Amino acid sequence: MTLLQVRDLDVTFDIRPRGAWPWTPSDRLSAVADLSFDLEEGTTLGVVGESGSGKSTLARAIIGTVPATGGEILWDGTDLRKLSPRARRTHRREVQMIFQDPLAALNPRMNVGEIIAEPLRTHQPDVTSKQARAKASEMMERVGLLPNLINRYPHEFSGGQCQRIGIARALVLSPRLVICDEPVSALDVSVQAQVVNLLKRLQKEMGLSLIFIAHDLSVVKHISDRILVLYLGRQMEQGAARDVVRRPRHPYTQALISSVPIPDPKRERARKRPVLSGELPSPVNPPSGCVFRTRCPKAQPDCAVGRPPLLDVGDGHLVACPYQEVMETVA
Amino acid sequence: MVAQLGTAEDNVEAAGMEPVRGRSLWSDARQRFFANKAATGGLVVLVLVVLFALFGQTVAQWSNEEIDWSLLGNIPQAGGPSIANGHYFGVDETGRDLYARVVQGSRISLMVGIVGALISVVVGTLWGAVAGYVGGKTDTVMMRIVDLMMSIPYMFVLILLLVVFERSLVMLFIGIGLISWLDMARIVRGQTLSLKNKEFVEAAIATGVRTPTIIFRHIVPNLLGVVIVYATLLVPSMIIFESFISFLGLGVQEPSTSWGALINMGASNLRNETPWMLGFPLAVFVISLFAFFFVGDGLRDALDPKDR
């Protein structure tokens, strides 16, 4: 069953130029443009792209902390953008979020029990504080924290433990969708694996759907069923995780994947890999046509003319490049 | 293990463990505060001053209204501090016991300082937190109101108020209340602006917590450190403010008195060779202000160990 359908999502911010007169028009920053994808119940969508590619904006548009300026976000067929603010707030119990900086996401003045129970107190005001505490300690156990630490404060925990607290808070209401905004980027590699495996286990136990955002493909491919590659807020490629990682077709995805080092010096030295030069262009003034053309190794003159359409190359594998070709990877 | 410290909790008992008591940022700050000798000393002095204001009268042998007729006429010679006749601090120009007068003045001055600080804490914190958190047009309007009120020469307005209406303690409180929260509102708004972009606030929004709850549960507790520090430093400045008004002869009215009024009286009698009339009120005033500043400094270091 399809849980979430995003259709032609646009998120645009008005940027006031510095020292502008009140009547000068604002600059338009298009953070996400024309984005569409489906998320099946119980599956994971990985979203990758470099910094500034609109991954976090996408997450915030779905959860509703940033207003979408166009398109539809269909949840079980109803458009979240058309809900009243009140209905939208009640709906938030279905979608929860896990944040990048585990410590910053926890209020330093609240203890762990209060933090984990907060969604419960918000959406079920009739829960007694004793029940809330019991539920919080049950959640702590589920995410692998000792329940006797319930009176501790966030600064007394390590980064990995803080992220587990964040996960417990996100799951206490048994939501249907959890958006993970780079949940492991701030953690050690060894802790990353623990947290990713914890998420996978909890997903299986609770039947969660996940949107997993990261800039590190090696983490995403481990957890995702489908992968969405973003560049400057536009989708470059989308497909089943295996396909995208093993046989990337878009030049940008190919560059991203080849930037993941192979843990074998001989093979690493032997392989040819396209290297991207230059910086991400400004989203206030994106390149015409294909936004990636300024850094693309295969760019042709006509790339500047029109936005390349998404080509379906089979099995729901979509590529936004007319010059796409398969690159076999060793990953 | 520290498990004995924790309170028993049945749900956790099932797991065979008692909860460990966490160390909140507040208890950390308390420890740092009491490790600071100057601040602890200031706090002790402050407690003594408050006790003096509350219970000092019980030790006095004269009330603050009685006139010692036996001294009237030769106050410069016989009115000085003495244990023998029960005037520990001497007598004032009209022959009233200065010790009792200082106790009475301390009450008024401390009350003015505390009321001013309380108004500023409550009004300033709410005003600043709402303006900063809601932002946009609300913020602009609320902060322009603050700017407007700040641009009024309040001393002039207060003097007018006290002249036009009857001079009274209530009027003084109104005047102090009007101005004391402005700076606090600005400080709190600035802090709120940086707080509201923290991820834990976003997490609360994403969870669906209502805006007023976010302000009270997530913004205000994280502001309190700054607010408390500023409030303890505001108490002495309110006292100084009141003293200045009283020194000008516009503050509290006879027979009531305050530190400022007593210092004023002492200063005008300096030529009559009665130094105790200035010395004792001034000493209590200075000691209390020092204590307040030490406590304020100590609190700042304790609550904000990062920006020392």
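## Salt bridges between the chains

A salt bridge is taken here as a side-chain nitrogen of Lys or Arg within 4 Å of a carboxyl oxygen of Asp or Glu. In this predicted model, B:Glu202 and A:Arg60 satisfy that criterion through their side chains, with an N to O distance of 2.5 Å. Chain B and chain A have two salt bridges between them.

Polar contacts also link the two chains: 10 residue pairs are in polar contact, counting pairs in which both residues have pLDDT 80 or more.

## Composition of the interface

On the chain B side, four helices each supply at least two residues to the surface that touches chain A: helix 1 (10-13), helix 2 (25-35), helix 9 (199-207) and helix 10 (211-247). Helix 9 of chain B gives the most, with eight residues. By residue class, the side of chain B that touches chain A comprises 14 nonpolar, seven polar and 10 charged residues.

In total, 31 residues from chain B and 37 residues from chain A take part in the contact. The size of an interface is often expressed as the accessible area lost when the parts come together. For chain B and chain A, the buried area is about 3,100 Å², and carbon and sulfur atoms account for 53% of it.

## Annotated domain of chain B

An unreviewed UniProt entry annotates residues 106-295 of chain B as "domain: ABC transmembrane type-1". Over residues 106-295, chain B is 84% helix and 0% strand. The C-alpha atoms at the two ends of this segment are 18 Å apart.

## Salt bridges in the whole structure

Over all chains, the structure contains 19 salt bridges. One of the salt bridges joins the side chains of A:Asp38 and A:Arg7, at an N to O distance of 2.7 Å. A:Asp38 belongs to strand 2 (residues 27-40) of chain A and A:Arg7 to strand 1 (residues 2-15) of chain A; the pair therefore ties together parts that are 31 residues apart in sequence.

## Aromatic pairs

Across all chains there are 11 aromatic pairs. One of them is formed by A:Tyr231 and A:Phe292, whose ring centres lie 4.9 Å apart; the pair is edge-to-face because the ring planes stand at 80 degrees, and planes over 60 degrees apart fall in that class.

This pair connects distant parts of the chain, 61 residues apart. A:Tyr231 is in strand 9 (residues 226-231) of chain A, while A:Phe292 is in the loop between helix 10 (265-270) and strand 11 (311-312) of chain A.

Definitions and conventions
Residues numbered from 1 in each chain as written. Chains lettered and ligands numbered in written order. Predicted model: local features only at pLDDT ≥ 70, side-chain atom pairs only at ≥ 80, totals over all residues. Heavy atoms only, no water. Contact = heavy atoms within 4.5 Å. Buried area = accessible area lost by both parts, 1.4 Å probe. Polar contact = N/O pair within 3.5 Å; in protein donor to acceptor, adjacent residues only side chain to side chain. Nonpolar A, V, L, I, M, F, W, Y, C, P; charged D, E, K, R; others polar. UniProt positions renumbered as here; feature names shortened; annotations may be inferred. Phe/Tyr/Trp six-rings, centres within 6.5 Å; stacked < 30°, edge-to-face > 60°.
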